[in-house]
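Trainee: I'd like a close look at just one part of this structure. Could you pick a strand and walk me through what surrounds it?

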Amino acid sequence: MNNKQWVNLFFIGLFLLVIISLISSFFLHDKFQESSLRNKEYLIKENKPKIIFAGDSRAERQLSVSTALDVLSYSKGDIINIAISSGDPIALNYLVDKYPVKFKNAVIVLSVSANQLNDNSKSRGYFTNSMISKLSYKEKIITFIPNNISTLLGYYYSIVRPHLTTKSQFRESYGFNPIDGTLHKKSAHKRSVEKNPWYEDYVDGGLKHKLIGNSLSELSNKVKELYVYTAPFAPSYLAAMKEGRTLSFERSFKSKITSLCNKYNLTCINYLKVDELDDLHFYDGAHTNKDGAIIFTKKIIKDFRLIE
Amino acid sequence: MLFNSYEFIFVFLPITFFIYFYLNHKRLTEASKGFLVCSSLFFYSWWNIAYLPIILASMVFNYAAGRSLNKACKNKRKGFSKKSILIFGIVFNLSLLGYFKYTDFLIENFNLAFSSNAELLNLALPLAISFFTFQQIAYLVDSYRQETEEYDFLNYALFVTFFPQLIAGPIVHHKEMMPQFAKTRNKVKNYRNIAMGLFIFSIGLFKKVVIADTFAVWATRGFDVATTLNLFEAWATSLSYTFQLYFDFSGYTDMAIGLALLFNIGLPVNFNSPYKATNIQDFWRRWHMTLSRFMRDYIYIPLGGNKKGSFRTYNNLMATFVIGGLWHGAGWTFVFWGFLHGAALAVQKLWGKLGFKLWTWFAWFITFNFVNIAWVFFRAKEWEDAIKVLSSMFSLSNIILPSSLEDRLGFLTGFNINYGAFMDNIDGSLHTSIWFFFGFVLIVFFQNSNEYLKEFSPNKKNLMLAASFFIFGVLYLAKGGEFLYFNF
């Protein structure tokens, strides 16, 4: 290779960089989809749901489709659960844009958690990929570099990695993903609670608040009804929260979500503690187990008056 | 305009490059020089056009003084003596620098000493004034020594304003630049130089925006924001600044060298792996080499250097470095930093005379730590900030280890060691340690960019390296951030 070729190749590389940047800015920005949500996309394609459970892991693991079908006397396929770990309203919004008619006829029950408003909750999974997709280059760099570069790399990897759809995984449960087990005592210790990445240097009202607010506003116009809830905690975990600062953070989060819902005329219920649920119904401080999910699903249906 | 900005890389540089060589291609060499001067002045004025008259006035004055010196050398009996012209020229330059840079400092100290209440002028420091003033003083002294040839004003203006070195050096000599601007062969695009220029520019960009700006976050938090620091945070703060300053300034210099190469101009090497130095003299032979050269040739040697006995040698060293400290900034912390380096050099000379020798690794360890500690004074805005960092660096009463280690090392709590968020006060984490490791490996085990440039060949490996550095650099550009030496 001579000097001239070297220089030309350098500039060709630069040109490609510009093209890739343009693609990611104009194409991926509007088309991003959480890879785990793709696993559940077929539930939308193959059914005509009347109720869709959506949001993060707290909906995925504690809203039982079969319980809801029994209570409401619906047929299979009328209710699906497309909630995923690290799911948020933005991820849901991307899917709604892909299947506008299906969502227009469905009631959405959406869970949100404190990490979705905490601007300092930046580690992988706590700053969701769909949120990152909404950030400009500058915002991405300012937010994640240097301390949380792995979150940013994870986002880019999620775009390029090959994706295999595994339909069979949720064939029977219609997206509900229950977890067995009961709460380990250690996880409800004050120190463990304080370390919860949801509340890391808790600050709400900033960038994430704006992103979530925008997506709730958009969603409210695209679906039949949108019900938002914040999920409850195990009693012993809640007691540990009261000892430290996290309870005040959770309260601040709930208040911000309520304000957003009021702003966009959405029904919102904040659960901190549910009397029917004790520690035996949780597999960790913030997620119900299979038994807890049945109880909680019934409560959600009752509280949101989903029975026609 | 910053080298690390989109407008510079994607607009200013390509336009300047293509028009300059187009004009040369059309054999409009004077027009091409004029264009380069105008572009450089535009580059300079981008921040604040109010600075433009100052640099123009300084250039006109020094060009006239230089010509008068040349004439005085030729016609020894007519007009002013060359010495009086030189003194007048130096006084003018130092007055200009002194007025903008040191007036408020003098007023503050006057107020302090005499309990008066004189108002500060709050003058904005014109960009690059320290650099173009020193460069032009060197020109006057070189003219006095008859080491410069006469060139017209356009050539002189190009020597002062050439944008790659205008803002923060390297501080160049008239005699090493002018022949290059005059050389016919340098007016034609040279792909070898373009390739080398792009290569070292990309390295410099990466050093600045990826490495230096990353360390800057922790250094700024530690020095300017945190009210208390524990042992690890204090060391992380000082080391962050030590790495930030090196990667920032050497990154800038690499970019300047690369940009000049695009125009077929070679700038002098300014850094030669300074943190590999095994003594302070060695450090100053490697750090900001053109400033060291200036201080040696125009301050230390005229003061008598080492020719007038040991006592005068030590005094001259101290004076040179105190002036060097003051050149960097109008503040007692800068003076003290210069004093520390001057004193260290004096001690080193004495040590050498006594015939003591140290193991190389130990000598490196002492030198690096001395430099690191001295930078604390250089960086601190106030004495209190320096004391805050230094006292925590040497205090064993406030040690906080990551809470993840508590299960395994819990017994250490008996030794007054606590567990909690690691490097929390400086916005750091365990990742910060990885960056330090990475920084140490780079400064100690890697060749510096000039060595890579010497060995440069247009192959795939260098292409991939340059492209990667450039792409990462461009992606990180959004973070912004000025070069530290722009402030000096």
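Mentor: Sure, let's take strand S1 of chain A, which is covered on both of its faces. On one side sit A:Ile51 and A:Phe53, on the other A:Ile52 and A:Ala54, and all four are buried. Keep in mind that this is a predicted model. If you wonder how one strand can serve two faces, here's the background: in a regular strand, side chains alternate between the two faces of the sheet.

Now look sideways, at the neighbours. S1(A) is joined to S2(A) by three bridges, and the two run parallel. One residue to find here is A:Ile51, whose bridge partner in S2(A) is A:Ile79. Then there's strand S3 of chain A, residues 107–112, which is linked to S1(A), residues 51–54, by four bridges and also runs parallel to it. On that side, A:Ile52 has A:Ile108 of S3(A) as its bridge partner.

Step back and you can see the sheet that S1(A) belongs to. It's an open sheet of five strands in chain A, ordered S2-S1-S3-S4-S5, with parallel pairing. Strand S2 (79–81) and strand S5 (267–270) are the edge strands, each pairing on one side only. On average, neighbouring strands in this sheet are turned by 15° against each other, ignoring direction.

Next, the nonpolar core. The largest one has 240 residues, and A:Ile82, A:Phe103, B:Phe8 and B:Phe263 have the most contacts inside it. Helix H9 of chain B, residues 191–225, gives this core its largest share, 18 residues. Try clicking on B:Phe8: leaving out residues up to four places away in sequence, it touches B:Met1, B:Leu2, B:Phe3, B:Leu13, B:Pro14, B:Phe43, B:Phe163, B:Phe201 and B:Leu259. Another core, of six residues, lies apart from the largest one, and B:Ile399, B:Leu401, B:Ile417 and B:Tyr419 are among its members.

For a contrast with strands, finish on a pair of helices in chain B. H15 (residues 360–379) and H16 (residues 383–393) pack at an angle of about 150°, with axes 8 Å apart. An angle over 145 degrees counts as roughly antiparallel, and therefore H15(B) and H16(B) are roughly antiparallel to each other. From H15(B), the contact uses B:Asn372, B:Ile373, B:Val376 and B:Phe377, while H16(B) brings B:Trp383, B:Ala386, B:Val389, B:Leu390 and B:Met393. Sorted by class, that contact has eight nonpolar residues, one polar and no charged ones.

Technical notes: Residues numbered from 1 in each chain as written. Chains lettered and ligands numbered in written order. Predicted model: local features only at pLDDT ≥ 70, side-chain atom pairs only at ≥ 80, totals over all residues. Heavy atoms only, no water. Axes fitted to C-alpha atoms, helices over the stretch in contact; angles between N-to-C directions. Parallel < 35°, antiparallel > 145°, perpendicular 65-115°, else oblique. Contact = heavy atoms within 4.5 Å. Nonpolar A, V, L, I, M, F, W, Y, C, P; charged D, E, K, R; others polar. Pairing = 2+ DSSP bridges. Core = buried A, V, L, I, M, F, W, Y, C linked by side-chain atoms within 4.5 Å. Buried < 20%, exposed > 50% of the residue type's maximum accessible area, 1.4 Å probe, protein only.
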